[in-house]
Amino acid sequence: MIRPAIIFSIVLAAAARLLAQDIVPLGTPEATSSVLATPAPTPKPITTTTLQKRGFFGRVFHPFSSSEVLPKYNDRRLRGLVLDLQVSPQPVRLSEIRQMEVKVTVINRGNHMIPLDFPTDQRIEIQLLSSADTVLTKWSENHAIKDKPGTVLINPGEHVEYKENIATRDLTPGKVFIAQVFFPKYPELRVRQKFLAEP
């Protein structure tokens, strides 16, 4: 009788600790005012990833395993790949820049080599979308694409990085937009990030 009660109390304490990790304490008014008084450093780009967080019950029943879950693609050859997306600068000031930099990193977190075959020399497609998912700008509209097939091999633990610039001429200040990057040959490999356009 005592042993099940001890096990139940340990599981309950672990669950409470996991829930407490997700809560972010608010700063006191004194701390907030001192932060506002200091000059703001240059903002770093925000990274969006396709990794997913485990659910509450997964964390309770497996508290010592990783809290990240690899995405499950329908194409089994792609399993183990994770996409990270960075859009810079953040926020996008339209009066200062004409193009924004989009960087996508493909990381192989699996335990086998993953080949990606491409029919042309285009690897990624970048789109700028409105908040209603309307396509405003496509990266491929301003770039020549050659019929030059190629293959990219990504070994376990390694990554491939693609960095391109896309025009901001169709953006309007004061609105939220979405940068979306995907691989035309592999539409499941897709990541998106919201950003704010400022005057």
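The paragraphs below lead through this predicted model, from its overall make-up to one sheet, the nonpolar core and a single loop residue.

In this predicted model, local features need pLDDT of at least 70 and side-chain atom pairs count only at pLDDT 80 or more, while totals for chains, interfaces and linings use all residues. Residues are numbered from 1 along each chain as its sequence is written, and side-chain values use heavy atoms, with hydrogens and water left out.

The protein has 3 helices and 13 strands, where helices (H or I, at least four residues) and strands (E, at least two) are DSSP runs numbered from the N terminus. Of its 199 residues, 35% are buried; buried stands for under 20% relative accessible area, exposed for over 50%, and partly exposed for what lies in between, with a 1.4 Å probe and protein chains only. The protein exposes about 13,100 Å², of which carbon and sulfur atoms supply 59%, the areas coming from the Shrake-Rupley method with a 1.4 Å probe, and for residues only the protein chains shown count as cover. Among contacts (heavy atoms within 4.5 Å) between residues at least 6 apart in sequence, 72% join residues at least 24 apart.

A useful place to begin is the open sheet, in which 5 strands follow the order β5-β13-β12-β8-β9 with mixed pairing; two strands pair if DSSP finds at least two bridges between them. Because β5 (92-93) and β9 (135-138) stand at the edges with a single partner strand each, one side of each is left without a neighbour in the sheet. β5 pairs with β13 (residues 186-198) in the parallel sense over 2 bridges, and V92 stands opposite A197 in β13.

Further along the sheet, β8 is mostly covered, since 5 of its 5 residues are buried. E125, Q127 and L129 point one way from this strand, whereas I126 and L128 point the other way. β8 runs antiparallel to β12, to which it is joined by 5 bridges, and the bridge partner of L128 in β12 is A179. With β9, β8 pairs in the antiparallel sense over 3 bridges, and Q127 has K138 in β9 as its bridge partner. β8 and β9 form a hairpin with 5 residues between them, and D133 in the turn has a positive phi of about 65°.

The largest nonpolar core (a set of buried Ala, Val, Leu, Ile, Met, Phe, Trp, Tyr and Cys residues joined through side-chain atoms within 4.5 Å) holds 35 residues, of which L81, M100, L116, V181, F183, L189 and F195 touch the most other members. The elements giving two or more residues to this core include β4 (81-88), β6 (99-108), β12 (175-183) and β13, and β13 gives the most, with 5 residues. Leaving aside its neighbours within four places in sequence, F183 is in contact with L83, V106, F118, R123, I124, Y162 and L189.

Strand β13 also holds Q193, which counts as buried at 4% relative accessibility. A polar atom of the Q193 side chain lies 3.2 Å from the backbone oxygen of L85.

Finally, N155 is found in the loop between β10 and β11 and is partly exposed, with a relative accessible area of 31%. The C-alpha atoms of N155 and H112 are separated by 6.7 Å, although these residues are 43 residues apart along the chain. Not counting residues up to four places away in sequence, N155 touches N108 and M113.

Methods
A polar contact is a pair of N or O atoms within 3.5 Å; within protein, one must be able to donate a hydrogen and the other to accept it, and residues adjacent in sequence count only if both atoms are side-chain atoms.
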